[in-house]
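Student: I would like to go through this model with you and ask, for each label that is put on it, what justifies the label.

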Amino acid sequence: MNNAEILLTITGIMQEVLELPDLKVTLETSAADVDEWDSMTHIQIISAIEGKYRVRFALGELQALKNVGDMIGLIQKKLTK
Amino acid sequence: MLFNSYGFIFLFLPVALLGYFGLNHFKQITLGKMWLIAASLYFYSYWNIKNLPLLLTSILVNYVIGQYLQKDISWKKNLFRFGLVFNVGLLFFFKYAGLIGFAKIALPLGISFFTLQQIGFLVDAYEGLTTEKSFLDYTVFVSFFPQLISGPIGHFQHLMPQIENPENKRFNIDQFSLGLFVFCLGLTKKVLISEAFASWAKPGFEAGATLDFLAAWKTSLSYTFQLYYDFSGYTDMAIGIGHMFNVKLPHNFNSPFRSKSVIEFWSRWHMTLSQFINTYVFTPLVRAMPKITFRNTMIATFLAMFIAGVWHGAGWTFVVYGAIHGAALVMNHIRKKKKKKFPGWLAWLLTFNFINVSFVIFRAHEMGDALRVLKGMLGFNGVVIPRIGIKSVGALKDFGFKVGSYLYPDDYFLIVMFIGVFWAIHKLHNTSELEKTFKPQTKVAMACGIAFVLCLFGMNRITEFIYFNF
């Protein structure tokens with residue numbers, strides 16, 4: 001699976017969870033850029049990603065995520081394991 | 001030993017740096033680490049050497065547990081549970097033993113912080129994120145003196161690679177000057193700003209004081225700024241010392257008083273604690289629930305905030321502090337979900353005042369003292385107007401207004417300081433912004449030098465940091 005496909009999936013998840021159908025998501029997008037993206041919606045996004053890719057993130061890994069690019073990197077790491 | 005003491009600045013810190021970089025220069029990497037540990041343990045023992053065995057026991061037990069958690073063993077889950085119980089139990093014993101009838105024991109310095117840092121390590125070890133084998137490295141990680149007493153709460157995976165990096169073992173003049181700059185910033189916050197506000201905040205919280213409207217607001221606002229400049233000053237000094245050792249410690253504050261909601265406030269205030277609570281308390285709580293619904297995440301939000309409140313200590317004030325912040329977060333999330341928004345200025349005003357009121361409760365020794373200050377802020381004890389230009393309040397007398405004494409020079413200083421900080425929190429760059437644009441120029445050096453000398457004069461009466469009590 002390439003990064004562009006994952007980005008597309010994450011964008012869909014974020015648009016749904018954050019209730020922002022027109023949200024544009026790039027690799028650099030972070031919680032600081034989107035007001036709706038806070039600790040509560042973050043856990044929903046993470047959980048949706050975990051369900052979609054059938055992966056489980058460690059707690060310490062979640063804290064290191066700074067933006068969408070980091071998320072994609074982590075998903076890739078989990079998928080190749 | 002305090003960062004804001006002559007002994008630390010002129011003796012301990014230079015010797016610690018010299019020894020560390022000296023040993024590393026002669027390729028004595030292991031000795032360099034041992035030096036760092038020795039310096040940190042001396043720094044810790046300076047207050048009370050009786051606490052040292054506790055720190056060492058905590059490090060040793062957690063290291064051993066961590067070693068087994070990194071292995072593939074059948075009893076891993078039980079060992080992990082034991083590790084959590086050991087750490088939380090230790091914290092509980094020293095912080096809350098007084099509550100359940102034991103004689104109150106003096107709180108060992110820094111226990112709340114080094115315990116959290118090690119709980120984080122155990123979870124990471126359990127989940128396979130660490131492969132640390134060296135006892136020496138683990139001890140460096142926990143005991144590293146800039147962050148040992150009051151954080152910032154760090155991660156093994158963040159701190160240790162920086163210490164291991166061969167590049168960072170050489171004295172770096174750029175990092176050192178950045179460190180000096182950030183340290184001076186923190187020292188100024190503590191000695192020149194926080195101490196001034198402390199002198200205005202203290203009398204109002206003492207038992208028996210009756211506060212009129214203006215005196216109560218003076219008390220509460222002074223404490224709010226005292227706390228912020230004390231804790232962010234401490235953190236800046238810690239980060240500055242970190243730079244001198246070529247280690248980047250995480251930031252703890254990002255202009256918290258600019259926040260326009262309580263949710264935003266907690267992403268800007270004591271950030272390493274919020275992140276810790278978010279990662280290791282809130283997330284597991286949500287995951288433990290059968291389904292992620294709005295209601296369930298709100299329950300977890302409230303509980304996590306409540307735990308963050310009582311982590312500060314035993315006492316009803318911290319229970320109430322945690323509970324009102326938890327409730328405020330939940331209300332904030334509900335409004336956000338309904339897409340309701342206040343105008344910007346009103347959002348700021350409400351948030352700031354909520355924080356200010358919550359800090360009154362945080363500061364007070366007992367709820368009674370807090371209520372006394374809050375009553376005064378609501379005008380229950382009348383309003384005393386300073387005698388400037390007016391001699392009588394006329395009909396307002398019936399509403400509790402009175403004319404008091406003239407303003408003293410100290411009062412004018414207070415007014416100037418209030419205007420100054422409200423301007424500063426909105427307009428000035430914060431430490432992490434200043435770090436990014438820092439250049440070692442003559443004018444910066446001059447400003448630092450002047451501030452440093454002023455601080456030296458202010459340091460003849462040394463006061464501890466507020467967060468050393470937690």
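**Domains, core and unusual backbone**

Tutor: The C-alpha centres of domain 1 of chain B and domain 2 of chain B lie 28 Å apart, where the domain bounds come from an automatic or database domain assignment. This is a predicted model, in which local features need pLDDT of at least 70 and side-chain atom pairs count only at pLDDT 80 or more, whereas totals for chains, interfaces and linings use all residues. Residues are numbered from 1 along each chain as its sequence is written, and chains are lettered from A and ligands numbered from 1 in the order in which they are written.

Student: How many residues of domain 1 of chain B are in contact with domain 2 of chain B?

Tutor: There are 27, and they meet 25 residues of domain 2 of chain B; two residues are in contact if their C-beta atoms, placed from the backbone, lie within 7 Å. On the domain 1 side, α5(B) gives the most, with five residues.

Student: What makes the largest nonpolar core lie between the domains of chain B?

Tutor: A nonpolar core is a set of buried Ala, Val, Leu, Ile, Met, Phe, Trp, Tyr and Cys residues joined through C-beta atoms within 7 Å. The largest one has 120 residues, of which Leu122(B), Phe141(B) and Val373(B) touch the most other members. Domain 1 (6-171) and domain 2 (176-469) of chain B both contribute residues to this core, so it lies between them.

Student: Why is Asn246(B) called buried?

Tutor: A residue is buried if 20 or more other C-beta atoms lie within 10 Å of its own, exposed if 12 or fewer, and partly exposed in between, with C-beta atoms placed from the backbone. Asn246(B) has 21 other C-beta atoms within 10 Å, and therefore counts as buried. Its place is the loop between α10 (213-244) and α11 (262-266) of chain B, where helices (H or I, at least four residues) and strands (E, at least two) are DSSP runs, numbered from the N terminus.

Student: Is Lys27(B) buried or exposed, and why?

Tutor: Lys27(B) is exposed, because 10 other C-beta atoms lie within 10 Å. This residue is in the loop between α1 and α2 of chain B.

Student: What makes the backbone noteworthy at Lys27(B)?

Tutor: Most residues other than glycine have a negative phi, and most peptide bonds are trans. Lys27(B), although not a glycine, has a positive phi of about 60 degrees, and phi of Asn246(B) is likewise positive, near 60 degrees. A cis peptide bond, with omega about 5 degrees, joins Gly151(B) and Pro152(B).
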